[in-house]
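Trainee: I should like to take a close look at a single part of this model, the place where the ligand is held. Could you please guide me through its surroundings with care?

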Amino acid sequence: MPGFERFGEAEKKGVQQVLDTGVLMRYGFDPMRNGHWKAREMEHALAGRMQARHAHLVSSGTAALTVALAGAGIGAGDEVILPTFTFVASFEAILSVGAVPVLCDIDDTLTLDPRAVQAAIGPKTRAIMPVHMCGSMADLDALKALADANGLYLIEDACQAIGGTYKGKPLGSIGHIGCFSFDYVKTITCGEGGALITSDAQLYERAQAFSDHGHDHVGSDRGAEGHALLGYNYRISELHAAVGLAQLGRLDEFLAVQKHHYTVLRNAIEAMPAVTLRRVPEGGEENYSFLSFFLPDAQQAMRARRELSEAGLDGVFYWYDNNWHYHRQWDHLKSAKSPGPLTGEQQHALNGLENRSFETSDRWMGRALSLLIKLSWTQAELEHRAAVLRSVLAGF
Ligand SMILES: *Cc1c(COP(=O)(O)O)cnc(C)c1O
């Protein structure tokens with residue numbers, strides 16, 4: 001998955017162009033720019049590639065989620081449904097706008113289980129936030145139907161699945177808003193950066209104003225612009241956008257390499273009796289950033305992880321024990337270790353998490369392993385990995 005593996009001349013050239021103008025900021029300073037608007041160019045290219053009317057770049061994927069929530073008008077006391085398997089950014093963004101995270105079980109797609117989501121919808125629910133973990137997607141038709149039936153926003157976290165599709169549409173473009181991360185370990189990188197896409201003009205206007213202190217971005221004198229609304233600073237710099245613009249131009253090249261590497265590993269193991277591949281919803285195509293599968297039970301999954309690592313295979317993830325991605329290790333969330341006071345509703349919801357169990361999620365995650373797909377493997381390394389996988393998993 002990591003774009004940093006393929007960091008080259010195009011990225012350097014873009015950064016040098018920005019340095020030569022001296023305009024490191026994405027807004028203003030028009031006469032000095034020499035025609036370089038890296039953030040704008042990347043937004044234009046991203047919107048086109050993702051079949052959305054608007055794209056807006058921000059400083060991180062976490063910022064994209066935050067700005068998406070703010071753009072949707074979600075704030076104090078509103079509830080947002082998110083999965084038990086995600087990155088901590090999901091609940092960070094929700095808490096940061098004053099809203100309440102409502103954790104919900106996953107299923108064999110390793111993403112939100114629509115039946116669990118249905119049961120979690122209540123009078124204060126404002127949005128469903130599926131997270132397309134490890135390159136594959138949630139059951140978006142089912143979640144969209146639930147969102148529509150209940151008047152909720154569907155906010156796709158596609159940070160780990162850029163380039164994947166569902167029924168022919170790019171992930172991120174199916175909900176009301178889609179979010180991407182361009183941090184250093186994602187499929188394409190800005191160093192640090194993120195973006196949201198939407199085809200809703202009002203969402204876009206509010207989100208982009210919110211990400212830049214509420215600026216209305218009308219006219220060409222930044223100092224004279226009006227305050228459209230209260231905002232914050234989640235801007236991306238031109239330097240980061242220059243890197244991202246070059247990387248975006250290489251997205252399809254990266255995806256093709258990932259698909260090749262993924263397919264070789266998948267072919268090596270998919271017919272093995274102990275292996276069940278993660279379910280990809282009908283009509284979905286992964287971005288091939290991970291190969292995820294289940295062993296028959298948690299004991300065997302743990303043993304497989306150990307034996308794969310002893311056989312020298314890196315990039316094997318057992319998410320069940322992971323510090324950052326799975327609810328079991330989120331003690332700081334469950335005990336509400338906030339530097340300052342939370343809202344009453346947030347505190348109440350987090351108190352309720354300490355004794356909450358997520359047995360369905362635990363059942364799936366306990367059995368799941370994910371293999372990170374790298375771009376930089378040589379054909380020989382790839383074949384060696386496939387052989388190691390086969391020989392270890394043959395023992396199950
Ligand atoms: C990386 C990631 C984010 C946050 O992105 P940052 O750019 O690191 O802030 C959010 N959600 C998921 C699923 C991620 O993997």
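Mentor: In this predicted model, a polar side-chain atom of Lys-186 lies 3.2 Å from an oxygen atom of the ligand. Asp-183 also places a polar side-chain atom beside a ligand oxygen, at 2.6 Å, and for Thr-62 the corresponding distance to an oxygen atom of the ligand is 2.5 Å. Taken alone, the ligand exposes 380 Å², and the protein buries 94% of that area.

Let us now consider the surroundings as a whole. The ligand sits in the largest pocket, and 14 residues surround it. The closest of these are Gly-61, Thr-62, Ser-181, Asp-183 and Lys-186. Sorted by class, the shell around the ligand comprises five nonpolar, six polar and three charged residues.

A further point concerns the cysteines. A disulfide is a covalent bond between the sulfur atoms of two cysteines. To be counted here, the two sulfur atoms must lie within 2.5 Å, and by this rule the count comes to zero disulfides. Cys-134 takes part in no disulfide, as the nearest cysteine sulfur, that of Cys-159, is 13 Å away. The sulfur of Cys-190 cannot form such a bond because the closest cysteine sulfur, again in Cys-159, is 12 Å from it, which is too far. With regard to accessibility, Cys-134 counts as buried because its relative accessibility is 0%. Cys-190, at 3% relative accessibility, therefore counts as buried too.

Note on methods:
Residues numbered from 1 in each chain as written. Predicted model: local features only at pLDDT ≥ 70, side-chain atom pairs only at ≥ 80, totals over all residues. Heavy atoms only, no water. Buried < 20%, exposed > 50% of the residue type's maximum accessible area, 1.4 Å probe, protein only. Near = heavy atom within 4 Å. Polar contact = N/O pair within 3.5 Å; in protein donor to acceptor, adjacent residues only side chain to side chain. Areas by Shrake-Rupley, 256 points an atom, 1.4 Å probe, with all protein chains shown as cover. 1 Å grid on protein atoms, 1.4 Å probe; cavity = no way out; pocket = protein on both sides within 12 Å on 5 of 7 lines; lining within 4 Å. Sits in = over half its atoms within 2 Å of the grid points. Nonpolar A, V, L, I, M, F, W, Y, C, P; charged D, E, K, R; others polar.
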